[in-house]
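User: Could you walk me through this structure, one question at a time?

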2 protein chains.
Amino acid sequence: MEYGLLLQNIAKHIRLSADEEKYFLSGWQSKKLRRKQFLLQEGDVTKNAVFVVSGLLRMYSIDKNGFEHILQFAPPGWWIGDIKSFISQQPGSLYIDALEDSGILLMEKTYLDQLYKKVPSFERFFRILAENALGTYQQRLIDNLSLPAIERYNNFCRLYPSLIECLPQKQVASYIGVTPEFLSKMLSGKQTS
Amino acid sequence: MEYGLLLQNIAKHIRLSADEEKYFLSGWQSKKLRRKQFLLQEGDVTKNAVFVVSGLLRMYSIDKNGFEHILQFAPPGWWIGDIKSFISQQPGSLYIDALEDSGILLMEKTYLDQLYKKVPSFERFFRILAENALGTYQQRLIDNLSLPAIERYNNFCRLYPSLIECLPQKQVASYIGVTPEFLSKMLSGKQTS
DNA sequence: CGTCTATTTGAATGTACTCAAAAGCGGTGG
DNA sequence: CCACCGCTTTTGAGTACATTCAAATAGACG
């Protein structure tokens, strides 16, 4: 059942009538992504809300020296998207691609806007989602401002133990904000506490 | 009229009936803060939503070496608060204090929860607020990961021209993530483009 | 004024980066 | 099944951006 994860996710915060659930579900379109396939590139307008069903995606920016900086990984059960571009419907600066073959669900912004009107409790759902994400980004910013690289790495391991096991080191380096070379040296030199 | 700024702020995203506005407004309590006065300290539970009417607040963390890292400034018309603590009603790790004598409005979480029930369009308002803040924090994280200090400084000047004029350099340094000494050297050495 | 805090300046240091090259690892095709 | 290719990881030497510590100067406030 493709929508199982999604409905579970929703049910954590709001309750839907049978009709509401039906309208909600009929707004989704499913899509497969191959490993390395782009879902979004710099300059694209984000037209869809995205929920990950299987696989693993990442969202990142590329700076003017060509270096990637990962904002988020999205394993199954996670939402992902360039929120600024989605809100403004202007071209964004982020990339999203698949680290593994993945299955995702897409809902167009226009449909979501209708959904807000027909089922206002989704305002609540996405408010809670955004507030939680906000807290997470605030914490990550604090960590980047106040912790040395090794502790940012340890934090990452603590927060995302299942990701650490399946991610290439290079991707983790890009998330915590160091070069792959430096992460390698860090890990060989020091034992994590 | 103390609520003018607040109502303007709300009106950007939702429309209220006279009754709704009345119920909304009666949930607020106003408070004055003296320069350097704390509104929140590490270990406190954030029990109120906070809207700034006058003056200037800041929210920051203090790391284990005693250094402050500023997450946000809040001039008049801005919202401020430790969102993680507010959501979870658990003790937080952030500080909020006033950089100038300030006037703020407070609404208790319990009242806000009632407000969501009585006037569901506030779910929408705070969803939009949280989504915008989320976009802002994502961008700031990218900047911290990819830009050298001088460009982060220039970005700050571009984004908050009115703050630059009234903030001590030390506070700006703490926001962009460098020591005051280094910011001083940067500014004397280089011309901003 | 005098005190407290912010800013500037300098020298020494450190964390993390750059560039380069070698080694490891996984997948694919012959 | 082995050989090769592409990509990741490791290692090393040199470098750079930013910090630390210290001291002098400048500003703001009572």
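Here are some questions and answers about this predicted model.

User: How do helix α8 and helix α9 of chain A pack: roughly parallel or roughly perpendicular?

Analyst: Let's start with the numbers: α8 (residues 169-176) and α9 (residues 180-189) of chain A have axes 8 Å apart, at an angle of about 105 degrees. Angles of 65 to 115 degrees fall in one class. That makes α8(A) and α9(A) roughly perpendicular.

User: Which residues of α9(A) does α8(A) meet?

Analyst: By class, this contact has four nonpolar, two polar and one charged residues. On the α8(A) side you'll find Q169(A), K170(A), V172(A) and A173(A). Their partners in α9(A) are P180(A), L183(A) and S184(A).

User: Which helix gives the largest share of the surface near DNA strand D?

Analyst: In total, 15 residues surround DNA strand D, and P168(A), Q169(A), K170(A), S184(A) and F182(B) are the closest. Sorted by class, they're seven nonpolar, four polar and four charged. Both α8 and α9 of chain A, plus α9 of chain B, each supply at least two residues. The largest share, six residues, comes from α9(A).

User: What kind of axis relates the two copies?

Analyst: Try laying chain B on chain A: a turn of 180 degrees and a shift of 0.0 Å along the axis does it, with an RMSD of 0.0 Å. The copies are therefore related as by a two-fold rotation axis.

User: In chain B, which residue has the C-alpha nearest the axis?

Analyst: We're using the axis of that 180 degrees turn here. The nearest C-alpha in chain B lies 2.0 Å from the axis, and it belongs to R127(B).

Note on methods: Residues numbered from 1 in each chain as written. Chains lettered and ligands numbered in written order. Predicted model: local features only at pLDDT ≥ 70, side-chain atom pairs only at ≥ 80, totals over all residues. Axes fitted to C-alpha atoms, helices over the stretch in contact; angles between N-to-C directions. Helix = DSSP H or I, 4+ residues; strand = E, 2+ residues; numbered from the N terminus. Parallel < 35°, antiparallel > 145°, perpendicular 65-115°, else oblique. Contact = placed C-beta atoms within 7 Å. Nonpolar A, V, L, I, M, F, W, Y, C, P; charged D, E, K, R; others polar. Least-squares fit on C-alpha atoms with pLDDT ≥ 70 in both. Near = placed C-beta within 6 Å.
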